Amino acid sequence: MGIAYLFSQDQFLLETYRNPYGEMRFGKILEDLDALAGNIAFNHVEGNPLIVTAGVDRIRVRRRPEIGKDQFLSGKVTWVGSSSMEIRMKISDQCEDGEEWLEAYFTFVTLHPETKKSIKISPLIPETDEERAHFELGAVKANAKKQARRSKLELGRPLSETSLKIDQRAAELLDEAGALLRMPSLADPCSVLMDQTAQSNAMVAQPQARNLHDRIFGGFLMRRAFELAFATAYMFGGDKPRFLEVDDISFDKPVDVGDLLVFKSRGK
């Protein structure tokens, strides 16, 4: 399943996706990625279950697309578990040898519309070597996520080697922050406290951003979060930032129409 962006033929469409710098507006792309991935997920299931965006794996931008060139957004189911599925999304130039410049993986969970309990979905049978490779990779990532949830930090549990390194680095940064707080004249002049980079905005969730299940569309939330993060990076860095990738996105709770949304962002 895919969508063509005929930027070369539609000036209004072109202006909708152009940012102030004459480049692609990635916040809009995030909305479209989630919307099409949701449609692909819906086509794979039977009946009318509640389909929820559980998370998004790393979104990679391999190169900067030319806004004036036609583009093609597409995706397909690459892995299916008992009640969840992974969908690989990509965007490429709309031409004979269109080169892929964006890749993203969306995870959806299917729930019963009334009980909100997970329900089984149709299995996926890979037919080619490429499909088998994507399927096996999806299974590996799903298992890794389960292990990560089980090994979250708990009081009394020994730290893993990776967690120990992170803890040591955090302690070093805390020591550096202490100098900035207590004696800024002696601190590193290039260091900035994390709180000094913080930005936020708030809004009431409007019905125009709802999905088929009367919940706020996940792509809308991603766009608003991305645009705040972009502004935060701009203010912290003092110049227009360049988007490279999104590491991981998780949706912990649904958002309803009328909810007060507070978006917060800070440098890390």
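Start by selecting helix H2, residues 26-44, in this predicted model. Of its 19 residues, 14 are buried, so H2 is largely enclosed by the rest of the structure. Now put a distance between the C-alpha atoms at its two ends: they are 27 Å apart, which agrees with the 27 Å that 19 residues should span at 1.5 Å a residue.

Next, add helix H5, residues 218-237, to your selection. How far apart are the axes of H2 and H5, and at what angle do they pack? The axes lie 8 Å apart, and the angle is about 160 degrees. An angle over 145 degrees counts as roughly antiparallel, so that is how H2 runs relative to H5. Their crossing is right-handed.

To see where the two helices meet, show side chains. On the H2 side, pick Phe26, Gly27, Lys28, Leu30, Glu31 and Asp34; on the H5 side, pick Gly218, Gly219, Phe220, Met222, Arg223, Phe226 and Glu227. Colour them by class and you will find 5 nonpolar, 3 polar and 5 charged residues in this contact.

Stay with H5 for a moment. H5 has 20 residues and reaches 28 Å from its first C-alpha to its last, close to the 28 Å expected. Which residues of H5 are buried? They are Gly218, Gly219, Phe220, Leu221, Met222, Arg223, Phe226, Leu228 and Thr232. To look at what covers them, switch on H2 together with strands S2 (50-56), S6 (100-111), S7 (199-204), S9 (249-250) and S10 (260-265), which are included in that cover. Then step just past the end of H5 to Gly238, where phi is positive, near 80 degrees.

Now go back along the chain to Tyr21, in the loop between helix H1 (11-16) and H2. Is Tyr21 buried, partly exposed or exposed? Its relative accessibility is 36%, so Tyr21 counts as partly exposed. Leaving aside residues up to four places away in sequence, Tyr21 touches Phe230, Tyr234 and Lys240. Select Asp34 as well and compare: Tyr21 and Asp34 are 13 residues apart in sequence, and their C-alpha atoms are 24 Å apart in space.

Finally, zoom out to the whole protein chain. It comes to 5 helices and 10 strands, and its C-alpha trace spans about 60 × 50 × 45 Å along the principal axes. Of the 268 residues in the chain, 35% count as buried. Among contacts between residues at least 6 apart in sequence, 70% join residues at least 24 apart.

Key: Residues numbered from 1 in each chain as written. Heavy atoms only, no water. Helix = DSSP H or I, 4+ residues; strand = E, 2+ residues; numbered from the N terminus. Expected span 1.5 Å × (residues − 1). Buried < 20%, exposed > 50% of the residue type's maximum accessible area, 1.4 Å probe, protein only. Contact = heavy atoms within 4.5 Å. Axes fitted to C-alpha atoms, helices over the stretch in contact; angles between N-to-C directions. Parallel < 35°, antiparallel > 145°, perpendicular 65-115°, else oblique. Left-handed = near helix turned anticlockwise from the far one by under 90°. Nonpolar A, V, L, I, M, F, W, Y, C, P; charged D, E, K, R; others polar.
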